[in-house]
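The exercises below invite you to read a structure step by step. Work through each task with the sequence and the model in view before turning to its solution.

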Amino acid sequence: MASPSSEPEKYSIDEMMERLRNRPTSEGGPLDGELVTRSDGSQAIKVRRRKRRSHQPHKEQQLAEKKSRMLQMTAVLVLLFVFLLLAGVAIIYANSAPFREGLIGRIATSSGANVELNQFRMNPTAANANRVILTWPEGNALGSLDLRMVRAQVFPSSFLGKAFTGEEITAGTGILTLATPTPGGDLRATPEADGELPVRFKRYAVSGLDVVIGEPKILRLDHTEASLYPNKVNGRTQMLLNRGDLSITGMPRFRLDRAHIEFRGTETDIVGLRVRNPDDSRGIIEFSGTVSPYEAESASTLVVRLESLLLSSIAGPDLGHIISGRVDSLASAESNFLTFRPQAEPDAALAVEFRNAPTETITLQAFPFLQALHHLLDDPWFEAPKFDDGAKGVIRRANGSVTLGDLDFVGKGRLAVRGSLSMTPNRALSGELRIGVADAMIRSARNPRLEAMFGGESEGFRWITLKPSGSASAPSDNFRTMYEAGQQTFDPADVPPDEAALPSFEDLTKPRR
């Protein structure tokens, strides 16, 4: 064995070529090599290049998948093209005159009204109209409905089906006119549909709806948000109203808080209708009951409930200036009702029993007799007395007149007021008030005229009956007449010298500085 440091063997070119010629295949030489001589006389071994295999399974699978994807893409594009073509045809048809006339017929069949449809247009998701007007015959309590900026979210089946359906129909503004139905008149302008209605939506809404009842206008509700839900769980159509300005002939203005109304055949159930004073966020008036608009000769009655309501909100600001405060309604079988007839002359009558709200007082003011008692008894509390010991009464409104009746006010054991106070439509006051002043206060005043004016003691008070008069802006009474007449009922000689010079009524009612 050669040592590691020995040099490798060296061969000449001829020897190397000879070794290549005689190299066995077992040594790893090429099986298909060929010895060739170049043009310059040199020799070399030419090796034939191997060919690639023609059968490659993974490549074939990739190619098949690529072709499949191309076919799928082509199919999708074809289907999309067909869909767009059909959608285009459907949209063109939906915006054509025949479709519009068919839709008008379906709306008429569903509503029973004559229909006017202006500037109608439709796209794949919604239908729009600038204006829709529905008009009912005179036998229907619905007079007309005028909607603007109408938009319907429709189902695709509405394009080619026999029904016009979807989620909801909304309108920007609308005017609903309710009228007194003519007995025996037609309820519908078109025959009623057999089976399901051809127009069916889950919700109908108007952002700003005005409701007008009667001609001349008996009731008007402006700028309310209305939603109608047909066929709710209980099978009834429901209407919800939210906010709005409410005006009723002969009544103060109100602000609608909310309302829940259900329709049952020819009757309307007021589940709850809550209103407020526009200038007061605390007090409420709530109505509930059933209205029968097709029974004009029968009175409809709604239950009325008051809660922490300013008395002026229901009695009116004029009468509310004289008797003021917050009141609650008292449970009563004989009152707390609003009764009216659904006709041009409704003959509405309101009667509500009330008492002062908890922690609140009722104030009486502006009458001349209060100023006189202030000076006669030398007690400024009498100028505007406040009653908090269960002050109660009954509010009655009818034909423009207002009455605060069955009054029973007691204040701090000094003053009691009973009776009634009325105001006519021209603001004239009338009524009868029984005024009781504490017996001890009459005696301590040491005024013979007061002793002559007031009767005997009863329930700890001395009583006098006054007749209110004048107007709501300038109330008056007959206290002066009775006071001056009282000087004839005693003998001046019986009066002690220090009490002989009694003040006149003018002196009593003259404001003090």
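**Exercise 1.** In this predicted model, find the residues that I323 touches beyond its neighbours within four places in sequence.

*Solution.* Setting aside the neighbours within four places in sequence, I323 is in contact with L311, I362, T363, L364, L404, L407, F409 and L421. The next step is to place I323 in its wider setting: the largest nonpolar core has 98 residues, and I323, L415 and F479 are the ones that touch the most other members.

**Exercise 2.** Describe the chain as a whole, asking how many helices and strands there are in it and what share of its residues is buried.

*Solution.* Begin with the secondary structure, where the chain has 10 helices and 28 strands. Turn then to burial, for which the count runs over 513 residues, and buried residues make up 38% of them. The accessible surface comes to about 29700 Å², and carbon and sulfur atoms account for 54% of that area. Finally, consider the contacts between residues at least 6 apart in sequence, of which 53% join residues at least 24 apart.

**Exercise 3.** Decide whether T224 is buried or exposed, and list what surrounds it.

*Solution.* First locate T224, which sits in strand 8, spanning residues 219–229. Its relative accessibility is 0%, and because buried means under 20%, T224 counts as buried. Not counting residues up to four places away in sequence, T224 touches V206, S207, G208, L209, L241, N242, R243, G244 and L256.

**Exercise 4.** Work out which parts of the chain are linked by the salt bridge between E225 and R243.

*Solution.* As background, side chains of opposite charge can pair when their charged atoms come close. The side chains of E225 and R243 meet in a salt bridge with an N to O distance of 3.4 Å. This pair links distant parts of the chain, since E225 is in strand 8 while R243 is in the loop between strand 9 (237–242) and strand 10 (245–248), 18 residues apart. As for accessibility, E225 is partly exposed at 33%, and R243 is partly exposed at 41%.

**Exercise 5.** Examine two further salt bridges, R305 with E286 and R418 with E459, and say where their partners lie.

*Solution.* Start with R305 and E286, whose side chains meet at 2.7 Å, N to O. R305 lies in strand 14 (residues 300–307) and E286 in strand 13 (residues 284–291), so the pair ties together parts 19 residues apart in sequence. R305 itself is partly exposed, its relative accessible area being 32%.

Continue with R418 and E459, which form a salt bridge at 2.9 Å, N to O. Because R418 lies in strand 23 (residues 415–423) and E459 in the loop between strand 25 (457–458) and strand 26 (461–466), this pair ties together parts that are 41 residues apart in sequence. With a relative accessibility of 22%, R418 counts as partly exposed, whereas E459, at 56%, is exposed.

To finish, salt bridges that share partners join R236, E262, R264, E267 and D269 into one network, and a search of the whole structure finds 30 salt bridges.

**Exercise 6.** Locate S476 and find which residues it contacts beyond four places in sequence.

*Solution.* S476 belongs to strand 28, residues 475–476, and it counts as partly exposed at 27% relative accessibility. Apart from neighbours within four places in sequence, S476 is in contact with F367, P368, K467, P468, S469 and G470.

Technical notes:
Residues are numbered from 1 along each chain as its sequence is written. This is a predicted model: local features need pLDDT of at least 70, side-chain atom pairs count only at pLDDT 80 or more; totals for chains, interfaces and linings use all residues. Side-chain values use heavy atoms; hydrogens and water are left out. Helices (H or I, at least four residues) and strands (E, at least two) are DSSP runs, numbered from the N terminus. Buried means under 20% relative accessible area, exposed over 50%, partly exposed in between (1.4 Å probe, protein chains only). Contact means heavy atoms within 4.5 Å. Accessible areas come from the Shrake-Rupley method with a 1.4 Å probe; for residues, only the protein chains shown count as cover. A nonpolar core is a set of buried Ala, Val, Leu, Ile, Met, Phe, Trp, Tyr and Cys residues joined through side-chain atoms within 4.5 Å. A salt bridge is a side-chain nitrogen of Lys or Arg within 4 Å of a carboxyl oxygen of Asp or Glu.
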